[in-house]
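Reader: I should like to learn how features of a chain are read from a model. May we work through some cases together?

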Amino acid sequence: MEEVTKVTPPLLERRARQRQPTVSVLKSKLKQGVTCSGPRVRSTLTGFFPVVRWLPKYNLREYVWGDLMSGVIVGIILVPQAIAYCLLAGVEPIYGLYTSFYANIIYFLMGTSRHVSVGIFSLMSLMVGQVVDKEMFLAGFDLNEDSGPDAFNATLGINLTAGKLHSVELMGLQCGRECYSISIAAALTFLAGVYQLIMAVFRLGFVSVYLSSPMLDGFATGASFTILTVQAKYLLGLKIPRHQGYGTVVVTWINIFANIHKTNLCDLITSAISISVLVAGKEIQERYKERLKIPLPTELIVVAGATLASHFGELNSNYGSSVSGHIPTGFIAPQVPSFSLMPRLALDAIPLAVISFAFTVSLSEMFAKKNGYTVRPNQEMLAISFCNIIPSFFRCFTTSAALAKTMVKDSTGCQTQISSLISALVVLLVVLYFAPFFYALQKCVLACIIIVSLRGALRKFKDIPAKWRASRNDGIVWLVTMSATALISVELGLLVGIVFSMICIIFKTQNPKVSLLGRANDTDLYEDMDEYKNLMPPPRVHVFRFQSPLYYANKDSFLRSLYKAVGVEPFLELTKRRKAEKKAKEMSSKQAKANGDKNNGEVVIGLIQRELDFHTMVLDCSAIPFIDSTGMATFKGLVKEYKEIGVSMLFANCNTSVIDTLQKGQFFGENDKDMSSLLFHTVHAAVLHANSTSTESKSEDSVV
């Protein structure tokens, strides 16, 4: 009878996967996308307007008091900040109120976060203001404060300043200073919203992954320095234009010290009192936050007190103190943003779009995780895009989620976005009835509100030692981004931060940790001999680990570290042997001539081969997530070169991605015939195979 040999199946067997043709995949997705039905239309609309899903399920008894309380409190905080941040944005105070109103309404309809407060944000206002000032300067406007009478009516198409003040033609109308500034801001906001909409449609949310947390923290801190510097002149009552170009922080402080003798004492005293009250209120709030059920409305108290003091003390006429001026009531008719300005603003809108989106999505995800629900990042991007596109028709500027107001909402019992609706109603009351009462409010008070709101960002300096201890790489990224943002410009600081973060990652992959592994006692566990004690290297086998992807950029680093670790570079070893053979051949030839022996030379050549202290090298690929074609070619070269000097190369712990790349490049030969002798699931299996192969080859040599 013939014996039937059983073939032992492999320990791990790959699943056979069949990829569908790309054309059929595209056809099915296209068919699915254009299919129209009642349920699909309903699903699309409820997905686009999440409020339709959650509002009918609103638990009035459980949620209403928390939403009402947080909405009113945030609205009270929002009003003075909306007026103050217009100083940063370079536009009239009424537009900050418009922006806050529309952004809250739209996010209420489209947002998926229950807690995020979307509206004006100091960083966005600063970036808008820099673009506005640049374009105003290029158009020939005087950037000095109080350079002329209010030109708000120019936004309604009424030219009150022709022949008196500088104006430009925009969309067929003569546009004064205030009209032109808000036209720039609205066009910039429209573009930023369009960019965000494009990112949402094409699902480009992955862009935010390149904005690391240390980079964003450094960027926010550097921008806070710029905001502080820009507002410092208001504290002293100095009328100096905002610097255009790079180095705003340095140049502005030089100008401030050059004009320090022109300080308005009334503004200085008011600023000192306002900052003292605001800081005291913040400190009391932080110290007794567990006892205080609601935040202290410190900003509103300061604004109300300062407005009354300025009005009855006639600080503007008696002491020359700059005031907010007339803030009209009501809304203006919608107007299409100026398309003629957009080509000049196309590049400026990109950082605004990215930062606005990144802050909104990160805050929504952070508070969703904290409160135990989920958000849809792509819908968040759609929501913030429409929070910019639609309000741009109503003379608003760029918005995003704001951390401070979101934290206030969360701490005051907010349950849903009904709180945003209530905040919008508070702002609406101010727009319709109370706005003119802020006429006498000093600009230095608004600057104080802005500066005190930066305390959180400026406190990040305390975290530098801890950040440095936790990760030097993150500490360096923070410092570089913060310095570039503060000392060069906000836009370039963002670019420098992103590029530098990427360079750090590339540097880490080009100089990764490498190690030789040893065996722990009699187990099958192998670890780094430099990091762990009592490990023994396997006899005459080197186990090498490379902790990085292997691709074109770090191929040379991989080879250098490997040669250094094992102490043998194949090419140099081969060259030494050839030189030794040549020298031995010459010597044997001389001896043969002298002795007349023809075979002696061959014997000498055979004796000079140097035996290495290892016969096999095992490459532990567990820390190599992927390789490219260059990495595969490197593996091929290593196998070939070490084979020439009598050393075998084996590979262990390769993931499926690396295996697939090697198979596609026919690394294991035709039909993967050498796969079982080159590739192993564990390091220990590779070491056992190396020793058994070496024993067999030695026995064969002894037989020969």
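Author: Let us begin with a loop: N653 lies between β10 (648-652) and α27 (656-664). Please keep in mind that this is a predicted model.

Reader: What is the phi of N653?

Author: The general idea comes first. Most residues other than glycine have a negative phi. N653 is not a glycine, yet its phi is positive, about 60°. With a relative accessible area of 26%, N653 is partly exposed.

Reader: Which residue in the loop between α11 (298-313) and α12 (315-319) may be read in this way?

Author: That loop holds E314. The phi of E314 is near 45°, a positive value in a residue other than glycine. E314 is partly exposed, at 46% relative accessibility. A glycine case is G90, which comes just after α4 and takes a positive phi of about 75°.

Reader: Where does helix α4 bend?

Author: Helix α4 spans residues 60-89 and bends by about 30° at L78. A proline, P80, follows within four residues.

Reader: How should one read burial in a strand, and is β8 enclosed or open?

Author: One takes the residues of the strand individually, counting as buried those under 20% relative accessible area. In strand β8 (residues 541-546), six of the six residues are buried, so the strand is largely enclosed by the rest of the structure. V541, V543 and R545 point one way, H542, F544 and F546 point the other way, and all are buried.

Reader: Which strands are joined to β8 by bridges?

Author: Strand β5 (residues 514-520) runs antiparallel to β8 and is joined to it by three bridges. In this pairing V514 stands opposite F546. Strand β9 (residues 616-620) runs parallel to β8, with five bridges between them. Here R545 stands opposite D620, and F544 stands opposite L619.

Reader: How many residues of β9 are buried, and which strand besides β8 does β9 meet?

Author: Five of the five residues of β9 are buried. Both faces are covered, with T616, V618 and D620 on one side and M617 and L619 on the other. Five bridges join β9 to β10, and these two strands run parallel. The bridge partner of L619 in β10 is F651.

Reader: What does the surface offer by way of a nonpolar patch?

Author: F331, L429, L432, Y433, F434 and F437 form such a patch, with about 620 Å² of accessible area together. One of these residues, L432, lies in helix α17 (residues 418-434). L432 is partly exposed, with a relative accessible area of 34%.

Reader: Which residues does UniProt list as "transmembrane region"?

Author: An unreviewed UniProt entry lists residues 63-85, 105-128, 179-198, 345-363, 383-404, 416-434 and 478-503. Such a record may then be set beside the model. Residues 105-128 are 54% helix and 8% strand, and their end C-alpha atoms are 22 Å apart. Residues 383-404 are 55% helix and 9% strand, with 20 Å between the end C-alpha atoms.

Reader: Finally, how far apart are S274 and G305 in sequence and in space?

Author: They are 31 residues apart in sequence, and 9.5 Å apart in space from C-alpha to C-alpha. S274 lies in helix α10 (residues 265-287). At 5% relative accessibility, S274 counts as buried.

Notes:
Residues are numbered from 1 along each chain as its sequence is written. This is a predicted model: local features need pLDDT of at least 70, side-chain atom pairs count only at pLDDT 80 or more; totals for chains, interfaces and linings use all residues. Side-chain values use heavy atoms; hydrogens and water are left out. Buried means under 20% relative accessible area, exposed over 50%, partly exposed in between (1.4 Å probe, protein chains only). Two strands pair if DSSP finds at least two bridges between them. Patches are made of residues with over 30% relative accessible area and no salt bridge: like charges are joined within 9 Å, nonpolar side chains (Val, Leu, Ile, Met, Phe, Trp, Tyr) within 5 Å. Accessible areas come from the Shrake-Rupley method with a 1.4 Å probe; for residues, only the protein chains shown count as cover. A salt bridge is a side-chain nitrogen of Lys or Arg within 4 Å of a carboxyl oxygen of Asp or Glu. UniProt positions are given in the numbering used here, feature names are shortened, and annotations may be inferred rather than shown by experiment. The bend at a residue is the angle between axes fitted to the seven residues ending there and the seven starting there.
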